[in-house]
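Biologist: I'd like a close look at one single part of this chain, with enough of its surroundings to make sense of it. Could you walk me through it slowly?

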Amino acid sequence: MSARWLTTPCPAWCATTHSDHDAPADREHQALLPEFPLMSMRFVNGGPPSEPRYEPVELLVELDQQYRETEPRIVIGASQDGDMHLTLDEAELHAHLVLELVRAARTNTPVSDDFTAVEIE
Ligand SMILES: [Zn+2]
């Protein structure tokens, strides 16, 4: 327990470093998994209009628990708003990532190393 605002120890799956200076909105336990690119979606321009740099939309899955919440929640986000279109392989990977975070939360164990450096082929 490294921050005074923590009233209980971090869950085993938390991979965040906490400090006394964390703003209230940032006082949360987190398990982050690497974002992965959705290769069948239209790429988006990540650069200025004069020098376009097209990049794939990325999908992320994480486990978050504010320090006063009773249980964690799965957060699913993307680098772009709107519908996400996943290939079958991407959907399968996404499902495995979600299930791994649910498992880590329910068993209060760390996220498996097999999932902390996933890459889609
Ligand atoms: Zn924590």
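Modeller: Let's zoom in on helix α1 and then look at what it packs against. Keep in mind that this is a predicted model.

Start with where the helix sits. The chain has 2 helices and 6 strands, and along the sequence they follow the pattern β-β-β-β-β-β-α-α. Helix α1 covers residues 88–107.

Now a quick check with a ruler. How far apart should the ends of α1 be, at 1.5 Å a residue? Its 20 residues should span 28 Å, and the end C-alpha atoms are indeed 28 Å apart, so the expected and computed spans agree.

Next, which residues of α1 are buried? They are Leu93, Leu97, Glu100, Leu101, Ala104 and Ala105. Picture yourself looking down the axis of α1: these buried residues fall within an arc of 130°, so they line one face of the helix. Turn the helix round, and the face pointing away from that buried side carries the exposed residues Leu88, Glu92, Ala95, Arg106 and Thr107. Notice that a leucine turns up on each side: Leu93 is buried, whereas Leu88 is exposed. For the chain as a whole, buried residues make up 16% of the 121 residues.

So what does the buried side of α1 pack against? The partners are β1, β2, β5, β6 and the other helix, α2 (113–116).

Those strands are worth a look too, and β5 is a handy place to begin. Strand β5 (residues 57–66) pairs with β1 (residues 28–32) in the antiparallel sense, over 5 bridges; one example is Gln30, whose bridge partner in β5 is Asp64. Strand β2 (residues 36–38) also pairs with β5 in the antiparallel sense, this time over 3 bridges, and Pro37 has Glu58 as its bridge partner there. Then comes β6 (residues 73–78), which is antiparallel to β5 over 6 bridges. Within that pairing, Leu63 is matched with Ile74. The strands β5 and β6 form a hairpin, with 6 residues between them.

Finally, follow α1 out to its end. The residue after the helix is Asn108, and its phi is positive, near 50°.

Put it all together and you can picture α1 with its buried residues lining one face, packed against β1, β2, β5, β6 and α2, while residues such as Glu92 and Arg106 are exposed on the face turned away.

Methods: Residues are numbered from 1 along each chain as its sequence is written. This is a predicted model: local features need pLDDT of at least 70, side-chain atom pairs count only at pLDDT 80 or more; totals for chains, interfaces and linings use all residues. Helices (H or I, at least four residues) and strands (E, at least two) are DSSP runs, numbered from the N terminus. A residue is buried if 20 or more other C-beta atoms lie within 10 Å of its own, exposed if 12 or fewer, and partly exposed in between; C-beta atoms are placed from the backbone. Two strands pair if DSSP finds at least two bridges between them. The expected span of a helix is 1.5 Å times one less than its number of residues. The arc is that of the directions from the helix axis to the C-beta atoms. Two residues are in contact if their C-beta atoms, placed from the backbone, lie within 7 Å.
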